[in-house]
Amino acid sequence: MEGYESRVPLKDPQESRLKNIMYVLIAVAVVLAAALAYIWYERSSLVNDLKIEKEDLTAQMIALQNDYASLSSDYESINSQLDSSREEVSQLIERVKRTDATNRAKIRQYEKELGTLRSIMRSYIVQIDSLNTLNQKLTADAAAARREAAESRRQSEQLSKTVESLSDQVAIGSQMKARAITLVGYNGSNKVTDRSSRVVRLMASLSLVENELAPKGPVRVYIRVKGPDGILLTNEEQRTFSFNGEPLISSASREVDYQGKEVEMSIYLNDIPEYVRGIYTVEVYTENNLLGSAELMLR
C-alpha cells in the first residue's frame, strides 16, 4: 500500500496559477465585451436621437420658411425686411443639412438662430397687423371724412340755393311796383278829352305802391308813349336811361322822393305837334323795373 500511494501524481502549482489567470482574463474579456457592447448601443442610440433631433430641427425650419413665404404686407419697407429674413431661413436650412447630426454645438447654435427668426417673424406679424389696423382705421376715417365733406357740400349747396332763393325773393320783393296806371288826353282848356283834334297834351298817372323792402330815396320815373303807328313820341324834354343794360329814350320823366310809402304821381307829355286817331300806349319805367303800361283811344 505504501508503495502504491507513492506512485500517485501531484498537481503542479504553476499550472494552477496559469489556469486561474486564464479564467480571470476570460472574465475580464467578457466584461470588456459587455461594456463595449453597451457603449456601442448607447452611442448608436445617441446618434439616432441626434439624427431625429436634426430632422426635427430641419422640419421646423422648413415650416418657418413656409410661414415666411405666406407672410406679406402692403408696405415696401416691411417686404424688404421679409425678403432678407426669408434668405436667412433658406441659408440656415442649407447649413443644417450640411452639418453632421453629432455636432451638437452647431445644432444648438442653429436652434438659437431658429428661435431668433421665429421671434422676428412674430414681430413682423404684430407690425403688419398694427399697420393693417391703422390702415383700416385711416380708411374708415377717410371714408367718414369724405361722407362728411359730401354732406357739407350738399348742405352748402342747399344753403346757397336757399340763400339764392331768398335773395331772389328779396330782390323781387324789393322791386318797386305801380298800380292804377292811366293815360288821358287834355285840351287847351285843361279838360280831359278823347278827341284827337283837340288834344294838346297827354298825362300818365300812377301810384307807386307801398313797399318797405324797396330802395328809398329819390327815384326817377320814365314814360314812353307810342302813337298808333308805334313811333315813340318825344320832345325836347326827352331823356335817355338804361334799362337792363340797354339804353332807352323816354318821352318824359319825373323824379319823386320815395320812402316806402305809396306815392301818387302824374307825368305830362307836352309839345307834341299833332295827335291822330288811334290807340296810344304808355309804358312806365324806372331804371330797374318796368312798372306797367296803359292805353288811350283817341277818336
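## Exercises on a sheet and a surface patch

In this model, β1 and β2 make a hairpin with five residues between them, and N190 in the turn has a positive phi of about 65°. Keep in mind that the model is predicted.

**Exercise 1.** Work out which strands β1 is joined to, and by how many bridges.

*Solution.* Start with the hairpin partner: two bridges join β1 to β2, and these strands run antiparallel. Here, Y186 stands opposite V192 in β2. Now turn to β3 (residues 201-208): seven bridges link this strand to β1 (residues 178-186), again antiparallel. Y186 shows up once more, with R201 as its bridge partner in β3. R179 has its β3 bridge partner too, namely S207.

**Exercise 2.** Put the strands of the open sheet in order and find the edge strands.

*Solution.* A bit of background helps: strands in a sheet pair through backbone hydrogen bonds, in a parallel or an antiparallel way. This open sheet has four strands, ordered β2-β1-β3-β8, with antiparallel pairing. The edges are β2 (192-193) and β8 (263-269), each of which pairs on one side only.

**Exercise 3.** Locate M22 and decide: is this residue buried, partly exposed or exposed?

*Solution.* First, find the place: M22 sits in helix α2, which covers residues 13-70. Next, check the cut-offs: buried is under 20% relative accessible area, and exposed is over 50%. M22 has 43% relative accessibility, so it counts as partly exposed. Finally, look at its company: M22, Y23, I26 and V30 form a nonpolar patch on the surface, and together they have about 410 Å² of accessible area.

Note on methods. Residues numbered from 1 in each chain as written. Predicted model: local features only at pLDDT ≥ 70, side-chain atom pairs only at ≥ 80, totals over all residues. Heavy atoms only, no water. Patch = residues over 30% accessible without salt bridge, like charges linked within 9 Å, V, L, I, M, F, W, Y side chains within 5 Å. Areas by Shrake-Rupley, 256 points an atom, 1.4 Å probe, with all protein chains shown as cover. Salt bridge = Lys/Arg side-chain N within 4 Å of Asp/Glu carboxyl O. Buried < 20%, exposed > 50% of the residue type's maximum accessible area, 1.4 Å probe, protein only. Pairing = 2+ DSSP bridges.
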